[in-house]
There are 2 protein chains.
Amino acid sequence: MKRKITLKHIARELDVSISTVSKALKNSEEISRETKEKIQAFAKLYNYKPNNIAISLKNKRTKNIGVIIPDIVHHFFTTVFRGIEKYANDKGYNVIVCVSDESFDKEVINMEMLANGSIDGFIMALSAETQLKNDYNHLKQVTDQGIPLVLFDRVTDEVNCDKVIIDDQAAAHMAVSKMIADGRQRIALVTTEDYLNVSSKREEGYRKALEEHNLPVREELILRLPYQYEDEKLSEVFFATQEVDAVLCVNEIFAVRTIRFLEDNDLRVPSDVSVIGFTDGILSRLSNPTLSSVAQHGEEMGTIAAKMLIDKVESDIEEGEEEYRTEVVEATLIERESTRSS
Amino acid sequence: MKRKITLKHIARELDVSISTVSKALKNSEEISRETKEKIQAFAKLYNYKPNNIAISLKNKRTKNIGVIIPDIVHHFFTTVFRGIEKYANDKGYNVIVCVSDESFDKEVINMEMLANGSIDGFIMALSAETQLKNDYNHLKQVTDQGIPLVLFDRVTDEVNCDKVIIDDQAAAHMAVSKMIADGRQRIALVTTEDYLNVSSKREEGYRKALEEHNLPVREELILRLPYQYEDEKLSEVFFATQEVDAVLCVNEIFAVRTIRFLEDNDLRVPSDVSVIGFTDGILSRLSNPTLSSVAQHGEEMGTIAAKMLIDKVESDIEEGEEEYRTEVVEATLIERESTRSS
DNA sequence: GCAAAGCACGAAAACGGTTTCGTGTTAATA
DNA sequence: TATTAACACGAAACCGTTTTCGTGCTTTGC
């Protein structure tokens with residue numbers, strides 16, 4: 001086993017000082033050509049690589065960024081992460097991921113673990129519980145220490161920092177308007193029961209689109225479901241009312257399950273009922289029928305978030321004007337088989 | 001902005017030495033009760049947290065583990081990662097993820113980036129390109145340095161280290177045997193064209209099961225597809241031969257697309273054709289019909305891999321007997337709508 | 001009353017680098 | 001020949017901890 005070699009080893013072996021070795025390996029003008037060549041050759045031979053930890057301690061820069069997301073087995077977060085990872089890696093940064101599991105406590109613990117020198121900045125999406133508690137002290141503590149922070153998707157106005165979001169309201173508005181244009185009249189909304197920022201924005205967009213087209217907003221057509229639900233739940237809307245001709249779902253899974261439920265109850269998609277979901281993931285592309293879906297462009301969001309963060313990290317202004325930006329990524333409606341004009 | 005406070009600050013402020021502060025905060029017996037209380041109170045007040053980087057440098061342990069996977073937007077890898085992350089976090093470790101994107105070069109670069117002190121050990125699944133090139137020098141270099149390494153799923157015999165795999169051959173064997181027991185006779189295999197270790201193991205299991213049940217292995221029933229393929233490709237088997245009554249697919253996506261293709265060509269699943277896939281992910285559970293699938297228990301694999309790695313990292317024996325283990329996680333066949341006896 | 005112990009704390013090295021500021025030697029200049 | 005500049009390198013501080021080894025002072029024991 002060849003242990004890692006250090007500057008000290010090289011210095012001892014070649015009978016020069018540590019500083020000389022350091023400078024030689026950086027090709028400093030201070031060192032004579034022959035000494036440099038000797039040292040560089042030796043370093044190459046023994047495959048010398050500087051110790052990252054030592055460098056981090058010296059420059060107070062780790063070249064690591066911390067990413068905290070509620071869930072990793074989730075298509076949207078995964079695509080955002082890919083965007084972050086790619087951009088960061090290109091810039092020479094590594095990414096440390098922590099999963100909050102939608103829990104406030106885990107989010108706090110993870111942030112504290114990383115905030116003590118392990119990372120240069122954070123990118124995160126708030127956990128559901130954090131949004132419910134409305135407690136953002138852990139975030140403020142981090143920003144107070146001068147650690148850059150970028151929030152994406154699940155954001156809050158309570159914290160001053162860079163953000164990247166999609167305009168959920170506009171996206172839902174677009175989807176509903178599309179259905180109305182296709183001749184749909186009784187449009188249901190299937191959303192989550194917990195009060196996530198994104199869900200409520202989508203609901204707003206849904207309501208606004210109906211109102212703008214002079215259609216009544218029927219509360220009985222809005223169904224709020226937990227993440228784990230029984231199919232019978234769906235019957236409240238689709239059986240009791242029996243007149244739905246279109247459904248907007250706030251995620252892919254709800255959409256696919258809705259389609260399946262409809263077809264099991266002899267309603268055809270899209271001829272009888274038109275369906276649109278959010279999160280243009282693998283399910284949308286491969287379900288049967290394929291699902292029209294609002295693409296959130298997760299990878300792009302990730303790239304933007306990473307760029308914003310790294311720009312902040314590498315800017316020397318430290319904390320000048322405190323100018324924070326919010327980037328809005330435009331959502332796109334991908335039309336597939338689950339929507340056709342009636 | 002309150003900058004991070006250090007031992008030195010506390011020492012200066014309280015007019016004691018740095019060593020005294022350090023010991024006091026560790027509740028050392030050496031320090032008098034009153035001094036300890038004073039220092040601890042001060043530290044609490046200013047929210048002192050020791051700098052991770054400095055500690056890492058001192059004990060040559062980062063409490064970080066590096067995970068390198070070919071793709072993050074992939075259900076199986078994602079579940080494995082979740083298992084790793086959970087276990088590691090419980091043990092006080094953070095996880096740095098790098099994505100090799102199935103590229104040999106990226107894999108090498110990522111390993112080198114992390115191997116210079118950033119992590120205490122690696123968990124990885126080999127990239128497709130690495131398996132093709134059959135070049136594992138980057139792995140050997142890492143293990144030669146005494147850095148623990150655990151391979152999962154995509155492994156190789158060329159490297160001596162801990163491994164965790166599923167018995168792909170047995171899993172495929174089980175799936176095919178099940179179909180035969182259900183009365184299927186002409187069973188097709190849809191697999192990848194690149195020579196991944198896992199695919200070939202599954203093919204072996206497929207062949208073996210047929211042979212053991214005295215069914216002929218027809219090469220024309222084995223279809224090798226690229227990751228991105230056109231549906232027409234499928235017709236080679238299913239139209240040309242026209243007699244398939246069951247299909248084993250080496251992943252979920254191939255399975256779902258196969259089902260869709262069959263149904264578009266007026267073959268009913270499962271009555272006419274029975275289908276089983278690998279990777280029991282979201283697609284299997286939500287496709288229509290739901291897909292019978294070989295569950296690889298990714299999260300369990302992740303947990304095991306993390307445990308193996310951390311045990312190695314924390315064992316002091318350094319490099320004693322060089323005893324490496326290979327854990328085999330048993331696959332399970334989850335039966336759903338796409339298989340029913342004919 | 002003096003040596004030995006015990007107590008409470010500090011100095012300094014170490015981890016592995018970077019960087020500033022000398023300093024001794026040689027060569028060029030007045 | 002004496003002064004100076006350039007050159008090539010080394011000493012040492014520093015980043016923030018931990019830890020070993022003193023050391024001065026008080027207390028105990030005889």
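**Close-up views of a predicted protein–DNA model**

**View 1. Helices of both chains line the surface near DNA strand C in this predicted model.** At least two residues of this surface come from each of α1 (7-14), α2 (18-25) and α4 (52-59) of chain A, and likewise from each of α2 (18-25) and α4 (52-59) of chain B. The helix that gives the most is α2(A), with 4 residues. Sorted by class, the surface near DNA strand C holds 10 charged, 9 polar and 9 nonpolar residues, and of the 28 residues around the strand, those that come nearest are Thr20(B), Lys23(B), Glu30(B), Thr35(B) and Lys60(B).

**View 2. Polar atoms of chain A beside the sugar and phosphate of DNA strand C.** Lys8(A) places a polar side-chain atom 2.8 Å from a phosphate oxygen of the strand, while an N or O atom in the side chain of Tyr48(A) is 2.8 Å from a sugar or linking oxygen. At Asn51(A) a polar backbone atom is involved, 3.4 Å from a phosphate oxygen. Of the strand atoms within 4 Å of the protein, 55% belong to sugar or phosphate, and the rest belong to bases.

**View 3. The axis relating chains A and B.** A turn of 180 degrees, with a shift of 0.0 Å along the axis, lays chain A on chain B with an RMSD of 0.1 Å, which is the relation of a two-fold axis. In chain A, Ile96(A) has the C-alpha nearest the axis, 2.1 Å from it. Both copies use the same surface, since 100% of the contact residues of chain A recur in chain B.

**View 4. The surroundings of His173(B) in helix α9 of chain B.** His173(B), within α9 (residues 168-181), is buried, because its relative accessible area is 18%. Its side chain makes a polar contact of 2.9 Å with that of Glu212(B). Leaving aside neighbours within four places in sequence, His173(B) is in contact with Gly205(B), Lys208(B), Ala209(B) and Glu212(B).

Definitions and conventions
Residues numbered from 1 in each chain as written. Chains lettered and ligands numbered in written order. Predicted model: local features only at pLDDT ≥ 70, side-chain atom pairs only at ≥ 80, totals over all residues. Heavy atoms only, no water. Least-squares fit on C-alpha atoms with pLDDT ≥ 70 in both. Contact = heavy atoms within 4.5 Å. Buried < 20%, exposed > 50% of the residue type's maximum accessible area, 1.4 Å probe, protein only. Polar contact = N/O pair within 3.5 Å; in protein donor to acceptor, adjacent residues only side chain to side chain. Near = heavy atom within 4 Å. Nonpolar A, V, L, I, M, F, W, Y, C, P; charged D, E, K, R; others polar.
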